[in-house]
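Okay, thanks for making time, everyone. I'll put the model up and then walk you through the parts I'd like us to look at together.

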Amino acid sequence: MKFLVLLVCLAFPSFDAASLRRSKMTFIEEQMSMQMKLMMPEKATLNNIEASILNMARTKKQGGSGTNLTAFLDQIQELIDNTMKKNIVQRKDQTQFDLDGAWANLTTCTHPNDTTLVNTLAELDSEHVKCRSEQDAMWSDYDATCIVARQIFENERKALCDAYEQAKVFPTPATTCVMNENTPVPTIGHYLIDMEKYFSDAYDALLLKKQRCDIAMATPFPNEDLCGNKICQYYDKKIDCEKHQEAFEKPACEGHKTYTCSHFSDCYAEKKDIYDSVVTLAQENEVANKAEWRAVLRIECLLNALRVSDDELEAAIDACKAKTYATTPVELKYYGSAPAERSFTEVYYAPGSAVFSSSWYSGLSIATPAASCASSCCMAEEFSPAYPAGANCPYVPGAVSGAAATTTTTTTTAATTTTTTAAASVSRRARRRMR
């Protein structure tokens, strides 16, 4: 019976195998059946004692009795008080202990919604979300100061160089080198003067556009160092947030492995099987204990009947046979049927799964999302957040970085130096002829 007590009081970590469940049930039944068999010798003894007492009563009634009858009756009474009653009550107490343990065992399965891990995950998630919010603010600042500002800077530089590229195209002679009808005399001289002025103005305008383009191309982006520092600060925050994500996903992963609804269902089903079996066997034990208890009380009554006078003996024995004996001292306390399995809400999803991400990360900014995975539930290698490959971090001014934040820029090739030799030649010939 002690083995049974140990069995029903243990909190089994998991109950997934049907064969294991059957073996445990068989063990319980064997242990309690053995206890039932141990009662049988005492029951046979009680029957023999009762038969012997009735024989004594018949002998006494017929006028014959031993000189040591009183001493013999006292010995039987002592056996009843010190052994038989105690044994029956002890078996009843042990059965009650088993029953109490099996009932208490129904509450040893951890319900997914009762764990303190729910609150712990909520706190860790809050810290992660707060970090991502700060990361998002840093990205917005970098975007405005560096990406947008750099795009504006590049667009302005490109516009100046595009204006130069468009202006350095030689005009079409058919439309440009035409003499006006009202050209004063000498017409050739004035024509050349007009051409000189035209091409001199065109050259000066072209030179100005080239100078503006050259200056723009030689002028560096004013926020270069500032942006270099800002992007590294952003990467530092991103790494910090990924560490917060790892701190959140590790216990979430362990919770998924330990406290899922299926784990609880399997555990409770096993505890319920044990309880139902213990109740059935306890009811059988109680029937046997009550029968023995009534037999002991009846023997006790017959012993007292043998102590009365001969003329009262028959009536006393008949009274013992007709009497109803209370079995309250050996009755068990039952708890009823095992409660129905509690409903539950799945809260421990596997990190890396779509349902986990939608449950915990749906509110994060699309500019600063969570890493795809940060726990053993969804990755084989160890999670190790770091700077992007080729990043110039910590920032070193003038170093080339292959991993700067993604920007949309337009690179304008520096304009090459050109000369308008045709315009200059026309201008010189016009001045000589005028002289």
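Let's get one word straight before anything else: buried means under 20% relative accessible area, exposed means over 50%, and partly exposed is in between, with a 1.4 Å probe and protein chains only. And when I say helix, I mean a DSSP run of H or I with at least four residues, while strands are E runs of at least two, all numbered from the N terminus.

Now the small print. This is a predicted model, so local features need pLDDT of at least 70 and side-chain atom pairs count only at pLDDT 80 or more, though totals for chains, interfaces and linings use all residues. Residues are numbered from 1 along each chain as its sequence is written, and side-chain values use heavy atoms, with hydrogens and water left out.

Let's start with helix α6, residues 187–218. Which of its residues are buried? Gly-189, Tyr-191, Leu-192, Met-195, Glu-196, Phe-199, Leu-206, Lys-210, Cys-213 and Ala-216. So you get a Glu and a Lys in that list along with residues like Leu-192 and Phe-199. As for length, the expected span is 1.5 Å times one less than the number of residues. For the 32 residues of α6 that gives 46 Å, and the end C-alpha atoms are 46 Å apart, which agrees.

While we're on α6, there's a salt bridge here, meaning a side-chain nitrogen of Lys or Arg within 4 Å of a carboxyl oxygen of Asp or Glu. Asp-201 pairs with Lys-197, closest N and O atoms 2.9 Å apart. The two are four residues apart in α6, so about one helical turn separates them. An α-helix has 3.6 residues a turn, so residues three or four places apart point the same way. Asp-201 is partly exposed at 40%, and Lys-197 is exposed at 55%.

Helix α7, residues 224–258, has a pair with that spacing too: Lys-250 and Glu-246 are four residues apart, about one turn. Their salt bridge is 3.5 Å, N to O. Here Lys-250 is partly exposed at 49%, whereas Glu-246 is buried at 15%. There's also a network, where salt bridges that share partners join Glu-134, Lys-237 and Asp-240.

How many salt bridges does the structure hold? It holds 18. The one I'd point you to is Arg-91 with Glu-292, at 2.6 Å, N to O. That pair links distant parts of the chain, Arg-91 in helix α3 and Glu-292 in helix α8, 201 residues apart. Both ends are buried: Arg-91 at 11% and Glu-292 at 3%.

On to the cysteines. A disulfide here is a pair of cysteine sulfur atoms within 2.5 Å, and the structure holds eight. Take Cys-109 and Cys-267, with sulfurs 2.0 Å apart. Cys-109 sits in the loop between α3 and α4, Cys-267 in helix α8, 158 residues apart. The link is left-handed, with -85° about the S-S bond. Cys-109 is buried at 8%, and so is Cys-267 at 7%.

Then there's Cys-253 to Cys-377, S to S 2.0 Å. Cys-253 is in α7 and Cys-377 in the loop between α10 and α11, so the pair ties together parts 124 residues apart in sequence. This one is right-handed, at 90°. Cys-253 is buried at 1%, but Cys-377 is partly exposed at 27%. Cys-373 and Cys-378 are joined as well, S to S 1.7 Å.

Last, the cores. A nonpolar core is a set of buried Ala, Val, Leu, Ile, Met, Phe, Trp, Tyr and Cys residues joined through side-chain atoms within 4.5 Å. The largest has 27 residues, and Ile-53, Ile-80, Ile-299, Leu-303 and Ile-317 touch the most other members. Helices α2, α3, α8 and α9 each give two or more residues to this core, and α8 gives the most, with nine. Contact means heavy atoms within 4.5 Å. Leaving out residues up to four places away in sequence, Ile-317 touches Leu-54, Ala-57, Leu-302 and Ala-305. A second, separate core of 14 residues includes Phe-153, Phe-221, Ile-231 and Tyr-395.

That's my tour, so over to you.
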